[in-house]
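Work through the exercises below with the structure in view. Try each task before reading its solution.

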Amino acid sequence: MKVERFSAPKGTRDVLPPESDRWAELVVGFAGQVGRAGYGLLVSPMFEDVGVFARMGEGTDVVRKEMYEFEDRGGRRMALRPEGTASAVRAWVQHRPPLPWKVWYVAPNFRYEAPQAGRYRQHHQLGVELLGVDDPDADVEVIVLLWEFLCSLGLQDLELVVNTMGTPEDRGRYAARLSRWLAERAESLDPEDRQKIDTHPLRVLDSKRPATVAATREAPALVDAVSAESRRRFERVLEGLTGAGVPHRVDPRLVRGLDYYTHTTFEIRSAALDAAQNTLGGGGRYDGLVEALGGPPTPGLGFGCGVERVLLACDREGVFPCPERRLDAFVVDVVDGSAAREITLRLRKAGFSVDRAWGGRSMKSQMRAADRSGARVAVIVGEDEASSGEVTLRDLRSDGGAVQKRIARSELESELGAWIGRSREVG
Ligand code: HAM
């Protein structure tokens, strides 16, 4: 019988060691940084009632075309999460923890997109959400968190762009004006975008299609149309960014792909990536979303940052490489494996990182495995050592020929501790 072979679904990827070690390091670094700023981990379901995500905007591609919707066996309409903000807000409305509520997450998201480098059907986001703070200085805090996280990886070709969407009233007034402006130039727009003139005129400014980009270069800017109060808020944010030493550019075309934004929106882009996929992370305020999901009026803001894109940018810039595997010891037993079994477990219990060879192979092949493992020290048990109750420690990192020492098995933990300590000082 022919056995069918499967691959990961289109637009998804397996992340294997050692690349996954880099993922782990990225997540640990992010957790540390946002933890120091008072954010706690939120773990929420990977699927929700489809209504949770509908609030992101019926006019957005994410909701209209890209959502993985399904009916579960109980007949409920569900969707795999396309992003993290709506789920976080749903969780807050459900549990009502005290405000301000500061959470971070690392989670897979699902969007039925045309896959290409940096654009997947399952991608992963690191993100934060902060609910219950109206102060524009919170916008600065959130933007600076993302900026400093990306800089901490060694990335340099970064650009922060910011914009304000104003209040829903500002936006409504502006949308009507923009819609009229676009209608007068409908012929010059890409036909795909022309359809949005009446329903979602702001989305037209978000278009990457060349005809539309060229035709809307002189379009009225939302930032010039917002109320004096919205304008003051935005200026406070810009002032905070300048004060924090974070370079930024105001881009009146920055609309972002989701409908829930109010006031500040921002993106951090990498010049090292192709324009269509160069946004490493983005976010902003969504002051109406809590209410739209059944909660009391509560301001909110946050960002999401794509793990795959960040690592792609790191590859392009040659920074944040895969961490080197650093085992303390590798056990080589050429007798019958009993010593390897005992010593490996004993050393791990004592807190060392230890691996071993399997299958009773020759000394040569086990030593090769020890070298490949990246361990600092080989713990070797041959016939002699087995009969005298000893082991030989060999330094695998010493350049000038092998440094080795035979010791009693009872001294293993203390000797190994001293060797590791010494080699850490050196290397
Ligand atoms: P977003 O801009 O849709 O915002 O996604 C955030 C980031 O996720 C993007 O900047 C990008 O790095 C990454 N990303 C999005 N789609 C894909 C994809 N198909 N393949 C690879 N990476 C992708 C949000 O999702 C909002 N929830 C952000 C936010 C949080 N706003 C406020 N709070």
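The exercises go from the ligand to the sheets and then to single residues.

This is a predicted model, in which local features need pLDDT of at least 70, side-chain atom pairs count only at pLDDT 80 or more, and totals for chains, interfaces and linings use all residues. Residues are numbered from 1 along each chain as its sequence is written, and side-chain values use heavy atoms, with hydrogens and water left out.

**Exercise 1. The shell around the ligand**

Task: Find how many residues surround the ligand, and which are the closest.

Solution. Start with the cut-off: a residue is near a molecule or strand if one of its heavy atoms lies within 4 Å of it. The shell then holds 27 residues. The closest are E83, T85, E113, Y120 and Y261.

Next, sort the shell by residue class. Ala, Val, Leu, Ile, Met, Phe, Trp, Tyr, Cys and Pro count as nonpolar; Asp, Glu, Lys and Arg count as charged; the others, Gly among them, count as polar. The split is 8 nonpolar, 12 polar and 7 charged.

Last, ask which elements supply the shell. Helices (H or I, at least four residues) and strands (E, at least two) are DSSP runs, numbered from the N terminus. β6 (122-131), β10 (279-285) and β11 (300-306) each give at least two residues. The largest share, 6 residues, belongs to β10.

**Exercise 2. Polar contacts of the ligand**

Task: Locate the N or O atom in the side chain of R111 and the polar atoms of Y261 and L280, and give the distance from each to the ligand.

Solution. A polar contact is a pair of N or O atoms within 3.5 Å; within protein, one must be able to donate a hydrogen and the other to accept it, and residues adjacent in sequence count only if both atoms are side-chain atoms.

- R111: a side-chain N or O atom sits 2.9 Å from an oxygen atom of the ligand.
- Y261: a polar side-chain atom is 2.6 Å from a ligand nitrogen atom.
- L280: a polar backbone atom is 3.0 Å from a ligand oxygen atom.

Now check the cover. On its own the ligand has 650 Å² of accessible area, and the protein covers 96% of it. Such areas come from the Shrake-Rupley method with a 1.4 Å probe; for residues, only the protein chains shown count as cover.

**Exercise 3. Strand β10 and its partners**

Task: Which strands does β10 pair with, and over how many bridges?

Solution. Two strands pair if DSSP finds at least two bridges between them. Strand β9 (residues 262-270) joins β10 through 6 bridges and runs antiparallel to it. T265 stands opposite G284 in β10. β11 joins β10 through 5 bridges, again antiparallel. There, G283 has F303 as its bridge partner in β11.

Is β10 covered or open? Buried means under 20% relative accessible area, exposed over 50%, and partly exposed in between (1.4 Å probe, protein chains only). In β10, 7 of its 7 residues are buried.

**Exercise 4. Two open sheets**

Task: Give the strand order of the sheet of 3 strands and of the sheet of 5 strands.

Solution. The sheet of 3 strands is open, has the order β2-β4-β3, and pairs antiparallel. Its edge strands are β2 (47-49) and β3 (69-71), each pairing on one side only. β2 and β4 (residues 77-80) share 3 bridges, and E48 stands opposite A79 in β4.

The sheet of 5 strands is also open, with mixed pairing and the order β13-β12-β14-β15-β16. Its edge strands are β13 (354-356) and β16. β14 (residues 377-381) and β15 (residues 390-395) pair antiparallel over 4 bridges. One bridge pair is A378 with R394. β15 and β16 (residues 403-408) are joined by 6 bridges and run antiparallel.

**Exercise 5. Unusual backbone**

Task: Find where the cis peptide bonds lie, and which residues have a positive phi.

Solution. Most residues other than glycine have a negative phi, and most peptide bonds are trans.

- P17 and P18 are joined by a cis bond, with omega about 5°. P18 lies in the segment before α1 (19-36).
- The bond from L99 to P100 is cis, with omega near -10°. P100 is in the loop between α4 (85-95) and β5.
- R96 has phi near 50°. R96 is partly exposed, at 46% relative accessible area.
- H263 has phi near 50°. H263 belongs to strand β9 and is buried, at 9%.
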